[in-house]
Amino acid sequence: MRIDELLARSGDPTFSFEFFPPKTAAGEENLYAALRELQPLEPAYVSVTYGAGGTTREKTIEIVSRIKQDFGLEAMAHFTCVNATTDELRAVLDQLRSAGVENVLALRGDPPQGQERWTKTDGGLEYSRELVELLRSEYPGFAVAGAAFPETHIDAASAEEDLRHLKAKVDAGASFLVTQLFFENRFYFEFVERAREIGIQVPIIPGVMPITNIDGIKRMTELSGSALPAGLEQALEARRGDTEAVAELGVAYATLQCADLLAGGAPGIHFYTLNRSPATRAILSALKLWRPWERATGLAVAPERAAV
Ligand code: FAD
């Protein structure tokens, strides 16, 4: 099913999980084990990333198809313009369509390894907006999502310009947006407000990453330009060397963060799972019991569903 239709129909917030294609057979087993653990939480959809430079093309398609067929879950393939001519992009889209995939997250991608600045491939596309246009004009069956950056994309000249480009992407046909990870909710709420002011009306789903590893999250925030709040960093450093304590803090922080986002009107949460289930499972189980989106309006009811 198309996710844009699902979002339009769903009364409750939508929860989704992001996975990446592993490089080894053991990693793949681990991914499917995580999926089995998370399946009872009934995600609205599961997304699968596209490796830098298109390196995971076949795996991305294979995993997305398996998620649909073997797990009966809706799935979305990430897709980038890196290292591909427009004809090569079409060839992958043809494959995705033949595999029964109906949802694509259209991305520019980051510069390939060893290259500092983004330059488009000869005969390829420069910005994700052009990929959205290609999808809309030649592949109307796909629901198309786009990426959004509450703390502004690292290459953007200014927050205002970044937002104008985002508006162009939505006008070209991106029917919902998923954000980069962030740890301060005010960035998300202010971003949504500014987006609405310039006429972006589509759902903007916050991306949340439960912290499980200090060095990993420091690397990721540096690369993505997301801020790691000083207090959170100090609390993590105080637990350095104690993997369990770091993960416990990560789960507690992300649970509060998600509850606040949902109480503030976020249309769902996209979990960056890093192919692991325990953190996301604990957070989402608690959210489904507590239902912060209803408490905010005074409608909270006693949870009836069994916890998973
Ligand atoms: P664009 O929308 O093209 O924007 C890139 C930059 O160009 C921005 O600074 C924008 O302001 C600017 N820009 C846009 N249009 C114009 C214009 N007309 N003139 C001048 N400047 C312009 N990467 C992967 O490789 N694989 C993945 O699977 C993947 N999944 C992701 C999932 C999410 C939810 C997010 C948030 C990111 C993901 N990324 C992934 C990373 C993403 O590819 C990078 O962040 C990339 O640098 C930007 O992609 P984009 O689609 O936002 O680019």
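Start by selecting strand β5, residues 143–148, together with β6: the two pair in the parallel sense, with four bridges between them. Keep in mind as you click around that this is a predicted model. To find the register, pick Ala-145, whose bridge partner in β6 is Phe-176. Now trace the chain from one strand to the other: it leaves β5, passes through helix α6 (residues 159–172) and arrives at β6, and this β-α-β crossover is right-handed.

**Stay on β5**

Is β5 enclosed or open to the outside? Color by accessibility and you'll see that six of its six residues are buried, so the strand is largely enclosed by the rest of the structure. In a regular strand, side chains alternate between the two faces of the sheet. Check each face in turn: Ala-143, Ala-145 and Ala-147 are on one side, Val-144, Gly-146 and Ala-148 are on the other, and all of them are buried.

Next, add β4 (103–107) to the selection. β4 pairs with β5, again in the parallel sense and over four bridges. Here Leu-105 is the residue standing opposite Ala-145. The route from β4 to β5 goes through α5, and that β-α-β crossover is right-handed. So what does Ala-145 face on its two neighboring strands? Leu-105 stands opposite it, and Phe-176 is its bridge partner in β6.

**Over to β6 and β7**

Select residues 176–181 for β6, a mostly covered strand with six of its six residues buried. Then bring in β7, residues 204–208, which runs parallel to β6 and is joined to it by three bridges. Which residue of β7 does Leu-177 stand opposite? Look for Ile-204. Show helix α7 (residues 185–197) as well, and you have a right-handed β-α-β unit made of β6, α7 and β7.

**Now the ligand**

Show the ligand and its surroundings: 24 residues surround it, and the closest are Tyr-50, Asp-110, Ser-128, His-153 and Asp-162. Sorted by type, the shell has nine nonpolar, nine polar and six charged residues.

For the polar side of things, try these three picks:

- Asp-110: an N or O atom in its side chain is 2.6 Å from an oxygen atom of the ligand.
- Tyr-127: a polar side-chain atom lies 3.4 Å from a nitrogen atom of the ligand.
- His-165: an N or O atom in its side chain is 3.3 Å from a nitrogen atom of the ligand.

How much of the ligand does the protein cover? On its own the ligand has 990 Å² of accessible area, and the protein covers 85% of that. If you'd rather view the shell by element, highlight β3 (75–80), β4 (103–107), α5 (128–138), α6 and β6, the elements that give two or more residues to it.

**Two backbone stops**

Most residues other than glycine have a negative phi. Asn-83 is not a glycine, yet its phi is positive, at about 55 degrees. You'll find Asn-83 in the loop between β3 and α4 (86–98). Its relative accessible area is 47%, so Asn-83 counts as partly exposed.

Then jump to Arg-291, in the loop between α11 (278–290) and α12 (292–295). Arg-291 also has a positive phi, about 45 degrees, without being a glycine. Is Arg-291 buried or exposed? Arg-291 counts as buried because its relative accessibility is 15%, below the 20% cut-off.

**Last picks**

Go to helix α1, residues 3–9, and select Asp-4. With 16% relative accessibility, Asp-4 counts as buried. Turn on the side chains of Asp-4 and Arg-2 and you'll find a polar contact of 2.7 Å joining them.

Finish on Leu-89 in helix α4. Leu-89 is buried, at 1% relative accessibility. Draw a C-alpha to C-alpha distance from Leu-89 to Lys-68: the two are 21 residues apart in sequence and 22 Å apart in space.

Note on methods:
Residues numbered from 1 in each chain as written. Predicted model: local features only at pLDDT ≥ 70, side-chain atom pairs only at ≥ 80, totals over all residues. Heavy atoms only, no water. Buried < 20%, exposed > 50% of the residue type's maximum accessible area, 1.4 Å probe, protein only. Pairing = 2+ DSSP bridges. Right-handed = clockwise from strand over helix to strand, strands pointing away. Near = heavy atom within 4 Å. Polar contact = N/O pair within 3.5 Å; in protein donor to acceptor, adjacent residues only side chain to side chain. Areas by Shrake-Rupley, 256 points an atom, 1.4 Å probe, with all protein chains shown as cover. Nonpolar A, V, L, I, M, F, W, Y, C, P; charged D, E, K, R; others polar.
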